[in-house]
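Welcome, and please open the model in your viewer. We will start with the whole chain and then select a few residues one by one.

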Amino acid sequence: MRHIAIIGSGPAGYYTAEAAQKQWGEDVRVDIFDLLPVPYGLIRTGVAPDHQSIKGVSRRYESTAQLDNVRFVGNVTVGEDITIAELQGLYDAVVLATGAPNDKPAGIPGEGLENVFGSAAFVGWYNGHPQFAKLNPDLTGRTAVVIGNGNVALDVARILTKTAAEFTGSDIVAHALHALQKSHIERVVILGRRGPHQIAMTPKELGELAHLTRGCPRVDPADLPDVEEDLFLEPGQRKSVEHLRSFAAIPEEFRCDKPVEIDFDFFASPKAIVGDGRVSGIEIERTVLDENGRASGTGESYTIDCELVVTCIGYKTSPIPGVPFEENAGRFANDEGRILPGLYCVGWARRGPSGTIGTNRPDGFGVIEKIAEDIGVGSGKAGRPGFDRLAEERKLDVVTFRDWKKIEEAEEARAREGAPREKFTDVDEMIKAASKP
Ligand SMILES: Cc1cc2nc3c(=O)[nH]c(=O)nc-3n(C[C@H](O)[C@H](O)[C@H](O)COP(=O)(O)OP(=O)(O)OC[C@H]3O[C@@H](n4cnc5c(N)ncnc54)[C@H](O)[C@@H]3O)c2cc1C
C-alpha cells in the first residue's frame, strides 16, 4: 500500500489525487489536507464569482473526493498543526499543492498606504476568503487604479463596475455586494507598463467589458500598433487585440450613456503611490518599448488622482521552514516536481502563478509518475491511521469531506434569490455548520 499526503485541495491537489487513483487504483490511500475547512482552493476564493461555469470544474474534483481511498482533511494547516517532517514520517510521499497565495509586491513607495490592496486580498474579499473577509475597502472615491495587464486585473475592474442585477446568479458574498452597490467609483484605470500587443488578457474576459450595464471600456487609438502588425500575433492574442481595437472605436455619444469608464492606460509604469496615510494618487512614468518588447522609462511623468489601488501583478508561494525555496520565482525549488526525497510539489507551488486551471492537470499526472518511480510499492508507513492518532492527540478539529458537504448544504440553503450559495466567510461559522447533525 502507498500512502500519499497532498497539501492543498485546489485544482493541483485534486488532479494529483485523480492521477494517483488512476495509477494505483485500490493500492493507494490519499489524504488531501487544507488549512480551510472547505475545499477547492482558488476555484472557490479566486475565480470570479460571476464566472460560475468555470467554478463548475469542482464537480470533477468531487468525483475524486468521493472515492473510498481519497480523503479530505480540512482545517489543518501544514507547517503549524503538523510539520512536513511529521508528515514524511507517516506518508510515502508528501506533495505540496499549496498554490501561490501571497501578492508579489509592486516594489514602489506607498504600497502600505490605506486603501491600497494586493489582488489576493481584494479578490479574497469579494470571494469571501476568511483571511480577507474583513478587508472593508473604501469604495467612496471616484477613481480606482488597477495595476496589471492580466485577467485578474480584468476581473477586478469588471467586479468594481457591475450593477447588483449583473451579479444575479453569481456567488459574490453579501458584504461585497452591499459595498459595491454603494460604490461611488466612476473611473477604473487599468495600468500596463507595456502596450496592447503585450497584454496577458484573454479574449473572452476582454469581450465581457463591452457588455457591461454601467461600464464602458476606453482605449486610446494612439496606443494601438498598426493593424498589419496584428498578423504576427498568435490567434488568441490577435483576438484580444481586436477587442482593444473595438474599444478604441466606441463612439463618444455611446460612452456618455455609461457612468463608469474603464480606461486602459498603456505604456504606463507606476513609480509611487502617494497620499497622507490614505492613497490619493499614483505617480506614473511613460514608457517606450525596445525591439524585444521591453519597457523603459521616457522621463515623462504624470499623476492620476485616485482613492483606491489594487495591484494585480502576480503571486508567490508561502515558504515552509526546511523546504528549499526559489525566492525570485516565488515557488519551491524543484526538479520537475521533486524537491527532496519523499517531498514533491505541483501546480502553482511548483510552477509559479501561471496557466489556467487545466494546466494543473498534466502537472498532477506528471508528479505521480515521478512518485511511482521513487516509491515502488510503498515502505510500510502508518499513513492515515498514523495521522488520525496524531490529530486526536493534538485535538485537531479535522473537517472531513462529509462535513464539507454539510457546509455546502448550509451555504446553499442561505443563498439569496438566484444565487447558487451564500458562502460562510468565517472559519468558526464553517465549523459550526459542519458540526450540525
Ligand atoms: C483571481 C484569480 C482568478 C482566476 N481565474 C481563473 C479562471 O477564470 N480560469 C482559469 O482557468 N484559471 C483561473 N485562475 C487560475 C487558477 O485558479 C489556478 O491555476 C489554480 O487555482 C492553481 O491551483 P493550485 O492547486 O496550484 O493552487 P490553489 O488553487 O491556490 O490551491 C492551494 C490550496 O492550498 C491550501 N494551502 C495553502 N497552504 C497550506 C498549508 N500550509 N496547509 C494546508 N493547506 C494549505 C490553500 O488553502 C488552497 O486551498 C485564477 C487565479 C486567480 C488568482
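Accessible areas here come from the Shrake-Rupley method with a 1.4 Å probe. Keep in mind that what you see is a predicted model.

**Stop 1: the whole chain**

Show everything as a surface. The chain exposes about 19,000 Å², and carbon and sulfur atoms supply 51% of that area. Of its 437 residues, 54% count as buried.

Now switch to a cartoon view. You can look for 16 helices and 19 strands. The radius of gyration of the chain is 23 Å, close to the 22 Å from the globule rule for 437 residues, so the chain is as compact as a globular protein of that length. If you turn the model along its principal axes, the C-alpha atoms fill a box of roughly 70 × 50 × 40 Å.

How much of the contact network comes from residues 24 or more positions apart? Among contacts with a separation of 6 or more, such residues account for 74%.

Next, colour the charges. There are 50 positive and 66 negative ones in the chain, and the mean positions of the two groups lie 4 Å apart.

**Stop 2: an aromatic cluster**

Select the aromatic side chains. The count comes to 15 aromatic pairs in this model. Zoom in on Y40 and W404, which form one edge-to-face pair: the centres are 6.1 Å apart, with 90° between the planes. This pair links distant parts of the chain, 364 residues apart. Y40 sits in the loop between β2 (28–34) and α2 (42–45), while W404 belongs to helix α15 (residues 401–413).

Are these two residues buried or exposed? Buried means under 20% relative accessible area. Y40 has 5%, so Y40 is buried; W404 has 4% and therefore counts as buried too.

Add Y14, Y15 and Y61 to your selection. Together with Y40 and W404, they form one aromatic cluster.

**Stop 3: N151**

Finally, select N151, which you will find in helix α7 (residues 151–161). With a relative accessible area of 23%, N151 is partly exposed.

Which residues does N151 touch, leaving aside those up to four places away in sequence? Show A200, M201, T202 and E205, and you have them. For a last distance, pick H211 as well: N151 and H211 are 60 residues apart in sequence, and their C-alpha atoms are 17 Å apart in space.

Conventions
Residues numbered from 1 in each chain as written. Predicted model: local features only at pLDDT ≥ 70, side-chain atom pairs only at ≥ 80, totals over all residues. Heavy atoms only, no water. Helix = DSSP H or I, 4+ residues; strand = E, 2+ residues; numbered from the N terminus. Rg over C-alpha atoms; globule rule 2.2 N^0.38 Å. Buried < 20%, exposed > 50% of the residue type's maximum accessible area, 1.4 Å probe, protein only. Contact = heavy atoms within 4.5 Å. Lys, Arg positive; Asp, Glu negative; His and termini not counted. Charge placed at Lys NZ, Arg CZ, Asp CG, Glu CD. Phe/Tyr/Trp six-rings, centres within 6.5 Å; stacked < 30°, edge-to-face > 60°.
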